[in-house]
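Visitor: Please take me through one part of this model in close detail. I would like the second largest pocket, and then the sheets and cavities around the rest of the fold.

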Amino acid sequence: MNRKDFYYDLPKELIAQDPLLERSSSKLMVLDRDSGEVCHRIFSEITDYIRPNDCLVINNTRVIPARLYGVRKDTGAVIELLLLKRKENNVWETLVKPGKKAKPGAKICFGDGLLNGEIVDIAEEGNRLIRFDYTGIFEEILDELGQMPLPPYITHPLLDKNRYQTVYAKYDGSAAAPTAGLHFTPELLEAIRGMGTEIAEITLHVGLGTFRPVKETDVLKHHMHSEFFQIDETAAEQINRAKANGGRIISVGTTSTRTLESAAGTDGCLKAQSGWTDIFIYPGYRFRVIDGLITNFHLPESTLLMLVSALAGRERVLAAYEEAIRQRYRFFSFGDAMLVI
């Protein structure tokens with residue numbers, strides 16, 4: 001497969017810069033994965049497509065305010081840091097800008113000394129390992145000094161940090177939000193439960209690897225970075241029970257999808273487990289667990305678009321995207337939603 005096979009031309013003005021006032025008021029495109037037929041709804045009407053014996057799977061990770069700004073102690077130069085994953089104790093893998101001069105031994109001060117860091121090593125693809133030194137609780141310091149790590153295509157300031165969190169976010173660890181879940185409200189989730197539909201919670205801490213551009217012309221040469229996931233006994237039982245009873249597994253987001261497909265046995269059943277996944281799903285992949293997917297509209301040539309194409313077919317997905325452009329849907333993290341079912 002060629003990377004260009006997943007390209008489409010998106011008008012810049014359709015990139016959503018701000019979240020809507022009401023989460024569930026976004027547009028919803030429903031794509032029939034068999035016929036390619038689409039229809040246009042409002043996200044709150046998603047209950048029309050969910051059955052009582054289905055199981056909705058959500059990712060309850062919580063985004064940390066992972067973007068930090070500091071100064072190098074030797075030169076006074078401003079340094080931008082993005083926390084990617086905790087390695088051990090107080091050592092984090094980070095993305096540093098500017099990175100070329102950020103060599104091991106360099107020391108960085110954040111918040112007038114409230115937090116200090118030293119680059120101790122260089123990881124794969126130039127990421128830096130930084131050891132932090134501080135007094136108190138790291139999460140509280142990060143909450144005070146850090147900013148939400150919005151994608152670079154969002155240029156407007158985020159006025160409310162909670163709008164880049166799902167309403168069911170629980171466990172700190174992500175460098176980006178599982179954005180398909182941003183459309184849900186507590187009331188909508190309660191309505192879905194009231195229908196008799198199970199809602200299973202799993203965790204995948206989203207790293208930048210999910211969103212890293214595909215640079216290889218040959219898609220199959222692209223390398224995915226690993227991300228930590230966890231599925232507990234309750235979630236595994238809910239999902240297995242729904243499948244056994246003839247229900248559909250509807251994944252909320254590509255992160256939930258990657259977690260389920262990584263953890264499933266050859267029979268599609270799940271066991272409670274945790275670990276790391278670097279699964280890359282593209283057309284030709286045979287899904288073991290999911291039957292439907294709630295997702296946003298993704299960047300051209302991205303691994304996320306390839307995953308959706310694996311479920312519904314590349315030509316059908318790209319045709320649906322062209323229809324979304326004609327209908328002036330809002331794209332990317334704060335944009336509108338698609339249900340593939």
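Guide: Helices and strands here are DSSP runs, numbered from the N terminus; a helix needs at least four residues and a strand at least two. The model is a predicted one.

Start with the pocket. The second largest pocket holds about 550 Å³ of space. Its lining counts 31 residues, and Arg 62, Ile 64, Trp 92, Asp 172 and Gly 173 are the closest to its centre. Six elements each give the lining at least two residues: strands E4 (61–63), E6 (78–88), E7 (91–97), E11 (171–174) and E13 (227–231), plus helix H1 (138–145). H1 gives the largest share, four residues. The chemistry is mixed: twelve nonpolar, nine polar and ten charged residues.

Follow E6 and E7 from the pocket lining into their sheet. Both belong to a six-stranded barrel, closed in the order E5-E6-E7-E10-E9-E8 with antiparallel pairing. Direction ignored, neighbouring strands in this sheet are turned by 45° against each other on average. H1 packs on this sheet, touching E5 (67–72), E6, E7, E8 (107–110), E9 and E10. The direction of H1 makes about 150° with that of E6. Within the barrel, E9 (residues 115–122) and E10 (residues 128–134) form an antiparallel pair with seven bridges. There, Gly 117 sits opposite Phe 132 of E10.

E13 leads from the pocket lining to another sheet. This one is open, with nine strands in the order E2-E1-E17-E16-E14-E3-E12-E13-E15 and mixed pairing. E2 (38–42) and E15 are the edge strands, each pairing on one side only. The twist from one strand to the next averages 25°.

Now E13 itself. In a regular strand, side chains alternate between the two faces of the sheet. The covered face of E13 carries Glu 227, Phe 229 and Ile 231. Phe 228 and Gln 230 lie on the uncovered face. On the E12 side (residues 198–204), two bridges join the antiparallel strands. Gln 230 of E13 stands opposite Thr 203. With E15 (residues 273–277), E13 forms five bridges, also antiparallel. Gly 275 in E15 is the bridge partner of Phe 229.

Elsewhere in the open sheet, E3 (residues 55–59) and E14 (residues 249–252) pair in the parallel sense over three bridges. Leu 56 stands opposite Ile 250 in E14. Helix H5 packs on the sheet and touches E1 (27–31), E16 (292–296) and E17 (337–340). Its direction makes about 150° with that of E16. Helix H6 (residues 314–326) also packs there, touching E1, E2, E16 and E17. The direction of H6 makes about 150° with that of E1.

Last, the enclosed space. There are two cavities of 30 Å³ or more. The largest has a volume of about 110 Å³. It is lined by 14 residues, with Leu 20, Arg 163, His 183, Phe 334 and Gly 335 the closest to its centre. The lining splits into four nonpolar, six polar and four charged residues.

The second largest cavity has a volume of about 40 Å³. Its lining consists of Met 224, Arg 258, Ile 279, Phe 280, Ile 281, Thr 303, Leu 304 and Leu 307. Helix H5 (residues 303–312) supplies the largest share, three residues. By class, six lining residues are nonpolar, one is polar and one is charged. H5 thus appears in two places: it packs on the open sheet, and it helps line this cavity.

How values were computed
Residues numbered from 1 in each chain as written. Predicted model: local features only at pLDDT ≥ 70, side-chain atom pairs only at ≥ 80, totals over all residues. Heavy atoms only, no water. 1 Å grid on protein atoms, 1.4 Å probe; cavity = no way out; pocket = protein on both sides within 12 Å on 5 of 7 lines; lining within 4 Å. Points joined across faces, edges and corners; volume = space filled by probe spheres on them. Nonpolar A, V, L, I, M, F, W, Y, C, P; charged D, E, K, R; others polar. Pairing = 2+ DSSP bridges. Axes fitted to C-alpha atoms, helices over the stretch in contact; angles between N-to-C directions. Contact = heavy atoms within 4.5 Å. Buried < 20%, exposed > 50% of the residue type's maximum accessible area, 1.4 Å probe, protein only.
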